Amino acid sequence: MTTIAVEDVVFHDQALIPVWEKVLEGKRLDRQDGLGLLNTWDLTALGKMADFVKRRKNDAFVYFVMNQQINPTNLCVLDCSFCDFAAKPGDAHAYEMTMEEILGKLSAELSEVHIVGGLHPKWKFEDYLDIMRGIHEAFPTIQIKAWTAVEIDWFARIARLSIPEVLERCREAGLQSLPGGGAEVFSERVREATFKHKMGAERWFEVHRIAHEMGFPSNATLLYGHIETYEERVDHMIRLRQEQDEQPGFLSFIPLALQPGNTGLADRQASAIEDLRTVACARLLLDNFEHIKSYWVMLGEETASVALNFGASDLDGTIGEERIAHYAQAKSALGLARDKLVSMIRESGKIPAERDALYNVKTVFN
Ligand code: V47
């Protein structure tokens, strides 16, 4: 374990000192502490604090996975204002992937396929199961991380099944874990204003709790950089921490920076400073989460690399091709090669570790 003496961190923002003392004593941070972290301009001290906690948890390792994202359709019955990806029947950008197209994007060297898409107005639960079955049959070694809580809830409604029944059918089709999307911001105010036809926090937590009870690990996200307040960001993280105490099962937390595109929700993407504060705050508040992801697709490669010294311990993966952020005009590449991820991690002074979807380490690049 790496240790840092108190005097190793020079504080220009004196308000951070009591927070740092708590960190050193291993005490849990509270809402006020979280707000102090999000409001600080003392980025150097903040980064050191978050990196200290990151090292205490996972030493100098930063993880990544050889993965491919599949967004099988963008047809969606919802109308969330932050989403440029969703389409209605007849829209020029509406699409549905065939099984052949999906399989054509996969190869046996991948460890994970991450599947998430729209709530298609016509597809049946069987159609979604067929996607997993088809992948699992063709590539049995690729682990399937699929469907947000919103989709699981949708399957339950269209198939008239309970959540445990839906998840059991998904397990039979090859599902191994759930991604963390659909969480957005657990604030009723934000939900009313930006995604009022989508499930709220209670149902999101219910689906994840059932998944965890049934042995499916999952992730959790936060969509930030739009109309949410710092208080709402912090409350979101604290609520996740509480759930992880009660029913553990979250593998990683992923702050998602809004890609404004044509959403009209923000004039510009959150700044790099804002991104780094959010990642660091998450690392320091979420003491029971093993990993904070630096999602390069939405942060951009540069900020994502810097975030590896602000508490992040995971870069997600090669991705292959992602459409949700890119329909909202994300400037990042569509996919990155393994070598690129390794060099981004090395350049940050960390040790690259290739993992599978469940964080089993495959190769350490010393
Ligand atoms: O739930 C939609 C978000 C999420 C935009 O679990 C947007 O490992 C930014 O959940 N700008 C889906 N974000 C993606 C997701 C995810 C991503 C990476 C890793 C994992 C994981 C999960 O994307 C949605 C929504 O919150 N989203 N539109 C946008 N314009």
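Across the interface of domain 1 and domain 2, seven residue pairs come up in polar contact, with both partners at pLDDT 80 or more. That pLDDT filter is there because we're looking at a predicted model. On the domain 1 side, helix H2 (31–39) and helix H3 (43–58) each put at least two residues into the surface that touches domain 2. Sort the residues of that surface by character and you get 10 nonpolar, four polar and four charged.

Let's step back to the layout. The domain assignment splits the chain into domain 1 (6–51) and domain 2 (61–360). Their contact draws 18 residues from domain 1 and 24 residues from domain 2. Taken over C-alpha atoms, the centres of the two domains sit 29 Å apart.

How much area do domain 1 and domain 2 bury between them? It comes to about 1800 Å², with 66% of that on carbon and sulfur atoms. Within domain 1, the residues that lose the most area to domain 2 are Arg28, Arg31 and Leu38, which together make up 38% of what that side buries.

Charge pairing has its place here too: four salt bridges are counted between domain 1 and domain 2. Have a look at Arg31, whose side chain meets that of Asp235 in a salt bridge, at 2.6 Å from N to O. So Arg31 turns up twice, once in this salt bridge and once among the domain 1 residues that lose the most area.

Now move to helix H10 (residues 230–246), where you'll find Arg233. Is Arg233 buried or exposed? Its relative accessibility is 4%, so Arg233 counts as buried, the cut-off being under 20%. The side chain of Arg233 makes a polar contact of 2.9 Å with the side chain of Thr278. Leaving out residues up to four places away in sequence, Arg233 touches Leu38, Leu222, Tyr224, Gly225, Glu228, Glu274 and Thr278. Leu38 is worth picking out of that list, as one of the three domain 1 residues that lose the most area to domain 2.

One last stop is Phe139, in the loop between helix H5 (125–138) and strand E4 (143–146). Despite the loop setting, Phe139 counts as buried, at 17% relative accessibility. Which residues does Phe139 touch, not counting those up to four places away in sequence? They are Leu103, Leu106, Ser107 and Ala108. Phe139 and Leu106 are 33 residues apart along the chain, and 8.1 Å separates their C-alpha atoms.

How values were computed. Residues numbered from 1 in each chain as written. Predicted model: local features only at pLDDT ≥ 70, side-chain atom pairs only at ≥ 80, totals over all residues. Heavy atoms only, no water. Domains from an automatic or database assignment. Contact = heavy atoms within 4.5 Å. Buried area = accessible area lost by both parts, 1.4 Å probe. Polar contact = N/O pair within 3.5 Å; in protein donor to acceptor, adjacent residues only side chain to side chain. Helix = DSSP H or I, 4+ residues; strand = E, 2+ residues; numbered from the N terminus. Nonpolar A, V, L, I, M, F, W, Y, C, P; charged D, E, K, R; others polar. Buried < 20%, exposed > 50% of the residue type's maximum accessible area, 1.4 Å probe, protein only.
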